[in-house]
Amino acid sequence: MSNQNRTQQDVERAPEIAGLDLAHRTDGQAAGAILAASIGMFVLGVLTVWNEASESMHDWLESWEWGQGVGPLAGKTTVSVIVWAIAWIVLAVALRDREVDLRKWFWVSLVLGALGFLGTFPLFFRAFAAE
Amino acid sequence: MELSDRELWTVIHGLLAGTLFLLAFAGGLAGLWSLRPGFLTPVAIKERLRRLYIGVWVMAVVSWVTVITGTWIVYPWYRAALAGETYEGCAGAVLPNAESCSPRDFLLSNVSGETEGWHEFGMEWKEHVAWMAPFLATAVAFIVTYYGARLIPRTWMRTIVILMYVGAFAAAVVGGAFGAFINKVAPIV
């Protein structure tokens, strides 16, 4: 669908926005923001499980605390934030001015986010605890 | 009337930021909900959007402030290992203290009833899941600012934004509720 058609369709659905002179906005940027958020959540979940399963991973994540006494939570959260920020920047550049199927991007993001959420649930991540 | 440094930071982390977060969420949700075709005049759209931008960005910023202060300032006081391997430093304690029995030690020692679960489930979940709130809230703030009034005709996009917004709130509720309960059972002093 062309930009002009999309804008026309928007105005037909909501005539009240016609007078606002809105320029067209592609969906790529929104898709990037949504997927980046779910990637951040997913990484947090994976690191939470991995921290339980591996002592060396636990030590590495703990090394991010810089002597502040935060423990491995420092690494889990800091690495997640870094990955989230990088993912968002990369996606923002890659999807600039692109139209995408938002539904597909949303469902992929929902699955990633749900897996991340599951990874942070104590009854789940404890199941992976190293003996 | 006096608050120690530690008590002051728990107030900033939980009470002040939490209240601001709730206010911003309520305003933002009402604003997002009303962005529907046929609901608003062009003048009302502009006025409503200004408030919505403030609401979603305040919620995003506050969620970052909350998790950063919680993780890097308050949490180390909570998790300090002071009591020894068998929690002997907590023997006879009715509350945690800063010298020999941290809140985590106190909960795990079960010296004041069956308190272990508050740490093993409540704190372990809270400290992780709360970090999902800023990811989601920042994405929502960006999308709302990026689309603005274009969200009105785009029902699907608006639904996604509301779902993410409520998800951010839910993550913060888990963090806030367990934080409040744990601070009742084992306050940071």
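The largest nonpolar core here has 65 residues, where a nonpolar core is a set of buried Ala, Val, Leu, Ile, Met, Phe, Trp, Tyr and Cys residues joined through C-beta atoms within 7 Å. "Buried" means that 20 or more other C-beta atoms lie within 10 Å of a residue's own; 12 or fewer makes it exposed, in between is partly exposed, and the C-beta atoms are placed from the backbone. The core members that touch the most other members are A:Ile34, B:Leu136, B:Ala139, B:Val140, B:Val161 and B:Ala168. Keep in mind that this is a predicted model: local features need pLDDT of at least 70, side-chain atom pairs count only at pLDDT 80 or more, and totals for chains, interfaces and linings use all residues. Residues are numbered from 1 along each chain as its sequence is written, while chains are lettered from A and ligands numbered from 1 in the order in which they are written.

**The cores**

- Each of these supplies at least two residues of the largest core: H2, H4 and H5 of chain A, plus helix H1 (5-33), helix H2 (42-79), H5 and H6 of chain B. (Helices are DSSP runs of H or I with at least four residues, strands are runs of E with at least two, and both are numbered from the N terminus.)
- H2(A) makes the largest contribution to this core, with 13 residues.
- A second, separate core has 11 residues, among them B:Ala83, B:Cys90, B:Met123 and B:Ala186.
- As background, nonpolar side chains tend to be buried together in soluble globular proteins.
- What does B:Ala168 touch, leaving aside neighbours within four places in sequence? Its contacts are B:Ser63, B:Ala133, B:Leu136, B:Ala137 and B:Val140; a contact means that the two C-beta atoms, placed from the backbone, lie within 7 Å.

**Where the chains meet**

- Chain A puts 34 residues into the contact, and chain B puts in 34 residues.
- On the chain A side, helix H1 (3-13), H2, helix H4 (73-94) and H5 each supply at least two residues.
- H2(A) gives the most to that side, with 10 residues.
- Sorted by type, the chain A side has 19 nonpolar, 10 polar and 5 charged residues. Here Ala, Val, Leu, Ile, Met, Phe, Trp, Tyr, Cys and Pro count as nonpolar, Asp, Glu, Lys and Arg as charged, and the others, Gly among them, as polar.

**Helix H5 of chain A**

- This helix covers residues 102-119, and its end C-alpha atoms are 25 Å apart. That agrees with the 26 Å that its 18 residues should span at 1.5 Å a residue; the expected span is 1.5 Å times one less than the number of residues.
- Its buried residues are A:Trp105, A:Phe106, A:Ser109, A:Leu112, A:Gly113, A:Gly116, A:Phe117 and A:Gly119.
- Those residues sit on the same side of H5(A), because they cover an arc of only 150 degrees around the axis, going by the directions from the helix axis to the C-beta atoms.
- Flip to the face turned away from the buried side and you find the exposed residues A:Arg103, A:Lys104, A:Trp107 and A:Val111.
- The buried residues of H5(A) pack against helix H2 (28-53) and helix H6 (122-125) of chain A, and also against helix H4 (116-129), H5 and helix H6 (155-185) of chain B.

**Helix H5 of chain B, and B:Met132**

- H5(B) is mostly covered, with 14 of its 16 residues buried.
- Its end C-alpha atoms are 23 Å apart, which agrees with the 22 Å expected for 16 residues at 1.5 Å each.
- After H5(B) comes B:Gly148, which has a positive phi near 55 degrees.
- B:Met132 lies in this helix, which runs over residues 132-147.
- Why does B:Met132 count as buried? Because it has 29 C-beta neighbours inside 10 Å.
- Not counting residues up to four places away in sequence, B:Met132 touches A:Met41, A:Phe117 and B:Ala171.

**Each chain as a whole**

- Chain B has 6 helices and 0 strands.
- Chain B is more spread out than a compact globule, because its radius of gyration is 20 Å, well over the 16 Å that the globule rule gives for 189 residues. This radius is taken over C-alpha atoms, and the rule is 2.2 Å times the number of residues to the power 0.38.
- Buried residues make up 46% of chain B.
- Chain A also has 6 helices and 0 strands.
- The radius of gyration of chain A is 20 Å, but a compact globule of 131 residues would have one near 14 Å.
- In chain A, 39% of the 131 residues count as buried.
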